[in-house]
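I opened a new notebook page for this model. I wanted to look up the ligand site, the strand pairing and a handful of single residues.

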Amino acid sequence: KSYKLYFKSIFTPITLLGFLVLLGLAEADNILYGRVLGFWTTGKYSEDTAIIVSGALAVGVIIFYAAKNLIWVQLALNGSQRIHDEMIDKIVRSPTEFFDINPVGRILNRFSNDLGIMDRLLMQAIFEVLEGIFYFTAIFITIWLANPLVMAPGVGAALLYYFITRISVKPIKVLKALELVTRSPIYSQISLTLSGLIAIRSFHQVDTFIKEFNKLLNNHAKAAYYYWTMQRFLGFYVDFVSSLYIISGVTLINFARSEDSAPGLTAYGITLLLTLSEYLQWILRQTISADMFMASFSRANNYTKLPSEADAELPSDKKYLNESWPQHGQVDFNNVYMKYRQTTEHIIKGLDLHINPGEKIGCVGRTGAGKSSILQILFRMVEIDKSQPEQLDSTVLIDGVDISTLGLHLLRNSISIIPQSPVVFTGSIKRNLDPFEKINEDVLWEVLNEVGLKPYIEKLDEKLNTDMTNASSVFSVGQKQLICLARAILRKNKILVLDEATANVDFETDNFIQRKIFEKFHDCTIF
Ligand code: ATP
Ligand code: MG
């Protein structure tokens, strides 16, 4: 099934047909070239004809081989590029649930490791296998023409090949998986050690960590060693069977030769038989590898089928944008139910709220009571539950508009949030404050002045263009929170949401932020 999907992602029916024909032509030309050389030596052709025909065939071989390689690389790369683009499209539109369930490391792995395998290894393995199938067909036809008897030991050899591969495929796959599984802990251990270097040294734990690292390395080495042993096992026995086949084949060709069989063809058959062993081992290994690498394709391909959240933009949004909705900031919750997963209990059960424009609302409750969950509903990070009959009238309204009828961009743009731990993005300070570059720089400075960051940022070398990618080396947590505050002030939204915005800052900054919010957002609805 994966193979079918894989070929579908690369070929249209027409390009597939064209490609297979090209592969066939290339091998036919290759074999024919060898035959003509044979004719030449037996004097069947005149010197001139032989030179011209074999020359033309040789040029043909070059052209066909180059063409099939180039076309394959181009098509396969296009295919994985398309899959990559679809994956990105789906990931950025995934609901938050997806990111709750999947650690970021796993997602990165799909994009780096799995796509890497598709681009380099899978593509090559599949190509070699395809090429191999055509090559062997060509060889066998020639040998069959030379002497049909040779096919008899061939059947025996094929059965043995099948048996050997059957034995070794499973361990090879399992060991490869084991090799991959034991590899990632090494990487995590390294990054963990590097980030904790100071603590490790000050507590004299260097030896413990070296031991731990060696243990992980050993585990991986064991798996890798057995994997390669298994590969060699396969290689050795395939070689062994091939040798038996070649010996019996060559013997048969020689002894069962009748008076009228062409010596050129016989010699050519023997030559081809001799190349068989090495090549066959290689192709069998490639077949198994292709099978293993296919798992990467399946995983990547699954990402192209992820469910998306609701539409980011809807045609009806224009109307609200034009009347700069929401102008007042009135919020209504009617009989709202919400659960994070289909399978879990409701977290919010029948919430009814009416909030007047400009009201300041404090949510009080134990930890885990569902305060942050209310905010999730407001942003539609999680959709409210309407599955039961008694929930049919469940709605959340902002200024009388049911938010489930809005495009997500419009909704999320119209509510400002200052989260618990400040969120800064990679890029410059300027881009953090004004990602869409719509605001005049003077205004930015004015707002930075209001939140008390102006003197500090003026002292930085690159001022507003200072890179925030490594923000913790430039800003303290409190200062980052002030950047978020500045961002919220610039957005000028009617609704502001603070989720324990000052939990991580000192008393003074806390006071300052509270005062600023009171000053700047006095006519806004604040949660
Ligand atoms: P705190 O004061 O600690 O911030 P809170 O009142 O904000 O608590 P919520 O974060 O709303 O509490 O959590 C309410 C319940 O929802 C908790 O029982 C929690 O287990 C569950 N919950 C919160 N976020 C998720 C999530 N992303 N996926 C699944 N369950 C969640
Ligand atoms: Mg919370």
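My entries follow, grouped by topic.

**Entry 1: status of the model**

I note first that this is a predicted model.

**Entry 2: ligand 1**

I asked which residues are closest to ligand 1. I found Asp100, Thr367, Lys371, Ser372 and Ser373 as the closest, in a shell of 13 residues. By character, the shell around ligand 1 divides into three nonpolar, five polar and five charged residues. I also looked up which element supplies the largest share of that shell. Helix α11 (residues 371-379) does, with three residues.

I then went through the polar side-chain distances. The side chain of Asp100 has an N or O atom 2.8 Å from a nitrogen atom of ligand 1. For Arg341, I read 3.3 Å between a polar side-chain atom and a nitrogen atom of ligand 1. Ser372 pairs with an oxygen atom of ligand 1 instead, through an N or O atom of its side chain at 2.7 Å. On area, ligand 1 taken alone exposes 630 Å², and the protein buries 64% of that.

**Entry 3: the four-stranded sheet**

I looked up the strand order of the open sheet and wrote down β2-β1-β3-β4, with antiparallel pairing. Which strands stand at the edges? They are β2 (348-355) and β4 (401-402); each has a single partner strand, so one side of each has no neighbour in the sheet. Strand β1 (residues 331-338) runs antiparallel to β2, and six bridges join the two. As a register mark I took Val331, which stands opposite Ile355 in β2.

I checked one residue inside β1 for its backbone angle. Asn335 lies in strand β1 and has a positive phi of about 45 degrees although it is not a glycine. I classed Asn335 as buried because its relative accessibility is 15%, under the 20% cut-off.

A second positive phi turned up at Asp399, near 50 degrees, again in a residue other than glycine. Asp399 is in the loop between β3 (395-398) and β4.

**Entry 4: the parallel strands**

I asked in which sense β5 and β6 pair, parallel or antiparallel. Strand β5 (residues 415-418) and strand β6 (residues 495-498) pair in the parallel sense, over four bridges. Strand β7 (residues 525-526) also runs parallel to β6, joined by two bridges. Leu496 in β6 serves as the marker here: Ser416 stands opposite Leu496, and Leu496 stands opposite Ile526 in β7.

In β7 I picked Thr525. I read a relative accessible area of 0% for Thr525, so this residue is buried. I then listed its contacts beyond four places in sequence; among them are His328, Gly329, Ile355, Asn356 and Pro357. The list also includes Lys494, Ile495 and Leu496.

**Entry 5: a cis peptide**

I looked for the omega value at Trp325 and Pro326. The peptide bond joining Trp325 and Pro326 is cis, with omega about -10 degrees. Pro326 is found in the loop between α10 (317-322) and β1.

**Entry 6: residues in helices**

Is Asn301 buried or exposed? Asn301 lies in helix α9 (residues 263-303), and I count it as buried because its relative accessibility is 10%, under the 20% limit. Not counting residues up to four places away in sequence, Asn301 touches Leu5 and Ile83.

Ala267 lies in helix α9 as well. Its relative accessible area is 41%, so I logged Ala267 as partly exposed. I also took a C-alpha separation from Ala267 to Gly427: 69 Å, for two residues 160 apart along the chain.

The last residue on the page is Val477, in helix α16 (residues 477-491). Val477 is partly exposed, with a relative accessible area of 38%. Leaving aside neighbours within four places in sequence, Val477 is in contact with Pro422 and Asn504. The C-alpha atoms of Val477 and Asp506 are separated by 9.6 Å, and the two residues are 29 apart along the chain.

Definitions and conventions: Residues are numbered from 1 along each chain as its sequence is written. Chains are lettered from A and ligands numbered from 1 in the order in which they are written. This is a predicted model: local features need pLDDT of at least 70, side-chain atom pairs count only at pLDDT 80 or more; totals for chains, interfaces and linings use all residues. Side-chain values use heavy atoms; hydrogens and water are left out. Buried means under 20% relative accessible area, exposed over 50%, partly exposed in between (1.4 Å probe, protein chains only). Contact means heavy atoms within 4.5 Å. A residue is near a molecule or strand if one of its heavy atoms lies within 4 Å of it. A polar contact is a pair of N or O atoms within 3.5 Å; within protein, one must be able to donate a hydrogen and the other to accept it, and residues adjacent in sequence count only if both atoms are side-chain atoms. Accessible areas come from the Shrake-Rupley method with a 1.4 Å probe; for residues, only the protein chains shown count as cover. Ala, Val, Leu, Ile, Met, Phe, Trp, Tyr, Cys and Pro count as nonpolar, Asp, Glu, Lys and Arg as charged, and the others, Gly among them, as polar. Two strands pair if DSSP finds at least two bridges between them.
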